[in-house]
Amino acid sequence: MPPLDQDLPSALEARGVSRRDFLEFCSLMLATLALPTRYLGKVVSALSQPQRPVLVWMEFQDCAGNTESMLRSSHPSVAEVVLDLLSWEYHETIMAGAGKAAETTLQNVVKNHKGKYIAVVEGAIPTADDGVYCTIAGRTALDIAREVCSNSAANIAVGACAWDGGLVRANPNPTGALGLEEAVPGVPVVNLGGCPHNVANTAAVLVHYLTFHEMPALDPYNRPLFAYGQIIHDQCQRRAHYDAGRFVEEWGDEGSRKGWCLYKMGCKGPEATYNCPVVRWNDGTSWPVQSGHGCIACAAHRFWDWSSPFYKKLPNVPGFGVDVTAEEVGWGVVGVVAGVTAAHAVGTVIRAHKEASEGSKESGSKPESKSASPEA
Amino acid sequence: MARMVVDPITRIEGHLRVEAQVDGGKISDAWSSGTMFRGIELIVRGRDPREAWLWTQRICAVCTMVHALASVRAVENALDIEVPDNARLVRNIISATQYVHDHIIHFYHLHALDWVDITGALKADPAKTSQLAQSISEWPVSSTAYFQGVQNRVKTLVESRQLSLFTSGYWGHPAYHLPPEVDLLAVAHYLQALEFQREFIRIHAVLGGKNPHLQSYLVGGMSTSLDPNEPDAPINPERIDFLVEVASKAKTFVDQVLIPDVLAVAGFYPEWFHLGAGPGNYLSYGAFPQGRIQDIGRYFLPRGVLLNNDLSKVYPVDPSKVAEYVAHSWYTYDQGNNVALPPAEGETHPKYTGPKPPYEFLNVEEKYSWLKAPRYDDRVMEVGPLSRMLVSYASGQPEVKALVDGALAKLKAPPAALFSTLGRVAARALETQLLANHLVGWIEQLRRNMDSGDLRIHNGEKWDPETWPRSARGYGLFEAPRGSLGHWVEIEDTLIKNYQIVVPTTWNAGPRDAKGRRGAYEVALLQTPIADPERPLEVLRTIHSFDPCLACAVH
Amino acid sequence: MNAATPAATAAGQHHDERLIRVYVWEWPVRIAHWVIFFSILVLGFTGYYIYDPFIISRGHPGFLMGTMRFIHEVTGFVFIAAFLLRAYWFFKGNRWARWRQFLLIDSRQWRGARNMLRYYLFLRREPESRVGHNPLAGATYSTIYTLAVIEILTGLALLQHVAGGKVLGFFIGWLPLLITIQRLREIHFLILFIFGAFFIHHVYSAVLMSIEEHSGLMGSIFSGYKFFPVDFVAADPARIPGEDVLPVAPPGRGQRARRKHAAGKGAAPAPGSPSTPGKPSPH
Ligand code: HEM
Ligand code: HEM
Ligand code: NFV
Ligand code: SF4
Ligand code: SF4
Ligand code: F3S
Ligand SMILES: [Mg+2]
């Protein structure tokens with residue numbers, strides 16, 4: 001691709017990124033986004049703009065898992081994302097200034113880049129009791145989210161908490177936590193579920209946005225299809241064992257050493273759509289199932305409440321104790337009906353005998369037997 | 001006399017606010033407040049204790065996995081489950097990796113900018129920087145051209161007038177006084193450490209599937225089966241080779257980059273070996289069992305308490321002496337405001353009584369934080385690497401003694417210098433080195449077990465809840481990177497009835513207790529000089545030296 | 001004729017006591033019934049296996065789960081086809097197949113259901129006989145058909161989830177947005193047991209009723225025919241407006257049935273089978 005080389009501004013070199021690395025990185029982005037190579041030029045030029053788009057990263061009721069995941073970015077490297085591709089101006093966990101300096105920086109972005117900056121949200125937003133469960137500089141998370149996310153060009157909710165309230169919102173949701181979409185209705189949001197998000201996908205979304213000024217194709221949950229379009233189970237390297245009926249039966253057993261399927265240990269790979277088995281984690285090193293533990297469907301909607309308990313195949317049945325499984329409920333229903341039916345059969349036989357002995361003594365109809373014309 | 005407010009305190013995990021009274025350019029009183037609450041202790045109630053670790057692990061991802069470990073230990077303790085030796089080893093390897101990783105990120109990415117002026121790097125002579133680098137370390141990435149490249153990168157950044165993460169920094173603050181060459185060296189290593197940490201953490205990916213939030217813990221052991229002959233086993237010879245390779249690189253990085261950098265930076269700020277002293281009582285639960293978890297005497301980092309900065313006597317730890325106050329915390333206790341409850345009987349009833357947001361100041365006379373105030377034997381404690389190193393030193397842990405004495409000699413300082421802001425930084429660095437030294441050995445031990453045919457990784461005797469008693473209580477203790485961590489669990493009818501978590505940062509960043517005694521941060525900030533209340537660099541130095549994690553502290 | 005035939009109970013009120021053969025269950029009803037029955041057997045077995053792979057191929061090559069899932073999914077569509085056929089017949093079938101038969105929408109049906117319930121509770125001697133289903137049975141079947149709809153919807157949603165597909169997504173993609181996949185899976189799973197419980201009750205009551213009614217009920221789900229006195233059928237309330245002509249059985253078949261009946265009357269009752277002494281016989 002020699003013509004592209006000429007397009008590359010020398011500013012890129014000055015940033016310490018080699019031409020080759022950069023092209024390699026752009027091609028990788030294309031692959032992640034499943035775009036044809038003819039878009040390479042567009043990606044390259046978009047990513048090498050001298051004026052970098054501004055990004056602010058807001059943390060609310062979070063555990064910083066998505067921040068940490070971001071710090072593990074390898075393609076592009078975290079330094080490239082944070083320093084070269086974007087002007088990453090607000091991010092509490094890693095930004096230089098604190099207190100007033102931080103507040104002013106955020107206010108400046110909202111004011112000076114109104115309608116142009118990207119807002120990333122990590123963590124849930126508490127809405128109970130006027131939002132007192134999360135304040136920053138004396139303002140509630142809700143207040144800040146409303147301001148920052150309604151003045152941005154795009155909002156990205158990273159991780160389960162920002163998407164649907166995540167762990168924080170799990171029953172009994174003590175703080176009335178919600179995801180961004182619900183807490184600040186009406187603003188456009190792209191959701192990158194997962195607990196945390198896998199930065200490989202987030203980086204690709206950012207690159208897509210920088211290149212095309214729009215978000216990649218989304219599913220009904222506003223999640224990018226390229227990452228959330230397929231269930232874990234269909235991409236899992238243990239799938240052949242599943243199909244063949246080879247299962248880990250106990251932790252640490254022979255099957256677990258041979259890498260057999262974890263379905264019986266509660267693996268929720270058949271529930272969750274995510275691309276873990278393919279992009280994997282930490283520069284493609286591994287993913288949960290590969291380390292021998294089932295998937296907990298961390299990229300599924302409201303997974304904390306709805307995909308748990310994690311070591312059981314199915315959720316608890318509402319109305320029954322949490323220690324009662326769906327299977328026990330099912331067999332219970334069958335058992336009760338079988339019992340009642342058997343009892344009825346016995347009753348019927350007893351009645352027949354009674355009637356037989358009565359019938360030999362008297363004849364004539366009981367009042368009860370007067371009935372049942374079809375018209376009745 | 002003015003009240004200064006620093007909120008948000010950045011380059012930490014979570015939402016921390018400090019209010020301080022400044023008199024004559026010095027802090028005369030301080031209040032530390034956590035401003036975010038999630039209620040995880042309430043959320044795990046009624047759930048399966050075997051999965052509590054998956055939930056509580058999400059308390060924090062900066063110290064990811066430490067809550068997972070404390071949680072499985074608590075349940076194992078309650079149900080009297082002993083884990084196989086391989087599981088102990090895998091847990092230790094993961095934890096040691098976590099320490100090294102967390103401490104490196106802390107120094108370079110969360111703390112360094114308190115000492116290093118990025119713009120100073122522009123004035124540096126790359127050739128001199130190269131000389132300096134080569135004089136303090138063997139680290140090969142130290143050519144003039146390399147430092148020139150880094151400087152160019154900083155220059156482009158500054159000239160673009162888009163400073164990204166550095167936009168809000170306190171550049172040119174009078175409290176910065178590193179020579180430009182050291183600034184440039186540190187900036188270069190800031191970038192290198194970013195790359196390093198993401199390579200290094202692949203150890204967690206192998207042993208935990210992913211980082212953050214590893215997913216291989218189990219009550220009773222680990223899910224990472226090992227087999228010398230199975231290519232699909234989570235741990236096999238090939239994976240071990242990989243771990244050894246990554247861990248060896250980490251040792252080199254720590255020896256050749258982290259330690260020289262810490263010593264170099266510390267050398268230019270001697271006054272900070274006299275500032276920032278904490279309450280003087282140090283707690284460590286001990287970490288890295290070398291045998292069964294009950295054999296406390298065989299922990300690699302010993303358990304103990306030191307009182308009043310006295311290194312001559314190490315007191316044993318009795319976990320039942322831990323208790324939490326809520327007198328100045330936004331909670332209520334059934335028995336009133338002024339009692340301290342041990343976590344085994346702990347309560348979590350959130351009740352916000354602070355000012356209505358948006359607010360300017362907290363009402364520090366009343367309740368002012370989401371953190372509870374933990375006390376040990378009714379004493380304020382400091383926890384963290386400094387406590388661990390001091391307890392180890394005082395207990396005569398030979399390696400720690402050698403490392404600490406060596407560093408003190410280099411800095412020409414007495415042991416008392418450690419009771420300070422930079423003492424915490426130094427202790428953290430030494431601890432990093434100590435663990436980096438052992439990581440490869442522990443991985444090799446795992447290999448030896450595997451090769452000798454010991455493949456046990458999980459004890460499944462009590463996996464089935466049917467085997468459990470109707471009710472059970474237990475606790476799991478661990479030293480997280482930031483200090484002493486405990487999870488207390490009460491199980492009834494196979495489900496969690498009560499769950500209480502007392503976290504390192506709760507110890508350090510907690511508010512006053514019912515007796516009005518300040519928490520560790522609040523003590524440490526006293527007497528801190530403040531050059532410019534609008535640019536609270538000095539506050540950040542001391543607070544950051546504790547490596548705060550507020551998501552942990554409140555949970 | 002036998003006293004258990006309800007029309008006979010008020011002897012003398014009926015003018016025409018001749019037994020006729022009625023074509024109650026037309027072929028789509030019967031086909032649907034038996035296809036549904038057999039597919040539920042297969043779906044239940046394979047479905048349970050999908051839930052809990054109790055047979056495992058320890059290390060042996062094989063494709064057990066894959067096969068089970070394949071059979072389940074294919075049979076799922078057979079089940080759907082049978083259901084659709086039956087659903088069509090709710091509107092096109094004879095009076096006994098129409099949808100009204102399955103709903104307790106008027107007071108007469110409520111009363112009938114109540115009578116039937118009292119019969120089951122031993123509070124009443126006579127079952128509530130009808131040419132088609134008794135109202136309580138009708139209500140039970142509509143519950144079962146409703147569960148079948150739920151099973152089909154959840155099944156299709158699961159299928160779309162595991163197999164994808166735009167067409168399927170178009171038809172069923174909305175469901176997982178309302179109810180999460182895990183919950184759908186659980187509903188899908190639990191209905192298996194409700195079918196199981198229904199099955200027990202259903203076969204029991206079919207046997208019981210055919211003994212009580214002597215209308216040839218058991219045979220009817222194979223042949224389609226039941227046997228009743230003409231009057232009884234004439235008074236059948238399940239009339240479809242405009243349909244007044246009764247399908248009268250060809251005489252030969254009816255005669256044979258009558259002869260059989262007459263012969264059976266004198267025979268000793270089978271052990272355990274309820275006999276009905278003391279009822280006025282039409283003969
Ligand atoms: C899972 C198995 C079964 C299911 C779900 C099922 C379902 C049904 C349904 C829905 C009907 C109503 C027919 C209609 O009008 O659509 C029906 C009728 C009937 N079924 Fe089944 N059936 C099952 C098994 C059987 C078996 C094994 C037998 C025979 C032993 C049987 C005998 C009958 C009879 C005799 C009727 C007519 C009953 C009446 O008039 O109320 N069924 N069944
Ligand atoms: C009487 C009808 C049916 C019964 C009793 C039945 C039963 C079951 C059961 C017990 C499961 C396992 C659930 C689990 O634990 O994961 C299952 C799964 C499934 N069923 Fe059905 N099912 C029925 C009808 C259908 C129909 C009509 C379809 C639609 C095609 C269908 C499609 C599926 C699919 C796709 C799965 C999931 C398979 C997988 O996980 O790969 N089922 N079924
Ligand atoms: N404090 C704290 Fe943690 C640690 N280390 C937990 O136990 O950081 Ni998030
Ligand atoms: S989604 Fe998970 S990783 Fe992200 S903030 Fe929430 S708990 Fe942490
Ligand atoms: S391990 Fe989980 S995701 Fe993989 S095949 Fe088995 S059930 Fe599916
Ligand atoms: S738990 Fe999450 S990380 Fe992937 S394998 Fe499952 S979606
Ligand atoms: Mg607590």
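Me: Donors are N, O and S atoms within 2.8 Å of the metal (3.2 Å for Na, K and Ca), with water not among the atoms, so sites may look incomplete. Six donors count as octahedral if opposite ones are over 155 degrees apart and all others lie between 65 and 115. With those rules in hand, what makes the site of the iron atom of ligand 2 octahedral?

Reply: A word on the ground rules, as this is a predicted model: local features need pLDDT of at least 70, side-chain atom pairs count only at pLDDT 80 or more, totals for chains, interfaces and linings use all residues, and side-chain values use heavy atoms, leaving out hydrogens and water. Residues are numbered from 1 along each chain as its sequence is written, while chains are lettered from A and ligands numbered from 1 in the order in which they are written. Now to your iron: this atom of ligand 2 has six donor atoms, with angles of 84 to 180° among them. Set against the cut-offs, the site is classed as octahedral.

Me: And what does the protein bring to that iron atom?

Reply: His72(C) and His188(C) coordinate the iron atom of ligand 2, each through NE2, at 2.0 Å. His72(C) belongs to helix H2 (residues 64-92) of chain C and His188(C) to helix H7 (residues 181-213) of chain C, so the pair joins parts 116 residues apart in sequence. Helices here are DSSP runs of H or I with at least four residues, strands are E runs of at least two, and both are numbered from the N terminus.

Me: Why are Ile501(B) and His555(B) called buried?

Reply: Buried means under 20% relative accessible area, exposed over 50%, and partly exposed in between, using a 1.4 Å probe and protein chains only. Ile501(B) comes out at 1%, so the label fits, and His555(B), at 6%, passes too. Both of them, along with Glu41(B), coordinate the magnesium ion (ligand 7) at 2.1 to 2.3 Å. Their spacing along the chain reads E-x459-I-x53-H. Ile501(B) sits in strand E17 (residues 495-502) of chain B and His555(B) in the segment after helix H16 (550-554) of chain B, so this pair links parts 54 residues apart in sequence.

Me: How do you know which atoms are the protein donors of the nickel atom of ligand 3?

Reply: The SG atoms of Cys60(B), Cys63(B), Cys549(B) and Cys552(B) lie 2.2 to 2.7 Å from the nickel atom. Those are S atoms within the 2.8 Å limit, so they qualify as donors. Along the chain they follow C-x2-C-x485-C-x2-C. Cys63(B) also bridges the nickel atom and the iron atom of ligand 3, which are 2.8 Å apart. Cys60(B) lies in the loop between helix H2 (52-56) and helix H3 (66-79) of chain B, and Cys549(B) in the loop between helix H15 (537-545) and H16, so that pair ties together parts 489 residues apart in sequence. Cys60(B) is buried at 0% relative accessibility, as is Cys549(B), also at 0%.

Me: What makes a residue part of the shell around ligand 4?

Reply: A residue is near a molecule if one of its heavy atoms lies within 4 Å of it. Residues around ligand 4 include Cys63(A), Cys195(A), Pro196(A), Arg58(B) and His213(B), and the ligand lies between chains A and B. Helix H9 (159-164) of chain A is one of the suppliers, and H9(A) gives the most, with three residues.

Me: Why is the shell around ligand 4 split the way it is?

Reply: Ala, Val, Leu, Ile, Met, Phe, Trp, Tyr, Cys and Pro count as nonpolar, Asp, Glu, Lys and Arg as charged, and the others, Gly among them, as polar. That sorts the shell into five nonpolar, five polar and two charged residues. Around ligand 6, also between chains A and B, the split is 10 nonpolar, one polar and one charged.

Me: How do you know whether His213(B) is buried or exposed?

Reply: Its relative accessible area is 0%, so His213(B) is buried. The residue sits in the loop between helix H8 (202-208) and strand E4 (217-218) of chain B. Among its contacts (heavy atoms within 4.5 Å) are Cys63(A), Cys195(A) and Cys60(B).

Me: What makes you say that chain B and chain C do not touch?

Reply: Their nearest C-alpha atoms are 13 Å apart, and the two chains are not in contact. Of the two pairs of chains in contact, chains A and B share the most contacts.

Note on methods: Four donors count as tetrahedral if all angles lie between 85 and 135 degrees; four count as square planar and six as octahedral if opposite donors are over 155 degrees apart and all others between 65 and 115; anything else is irregular. Lists of a residue's contacts leave out its neighbours within four places in sequence.
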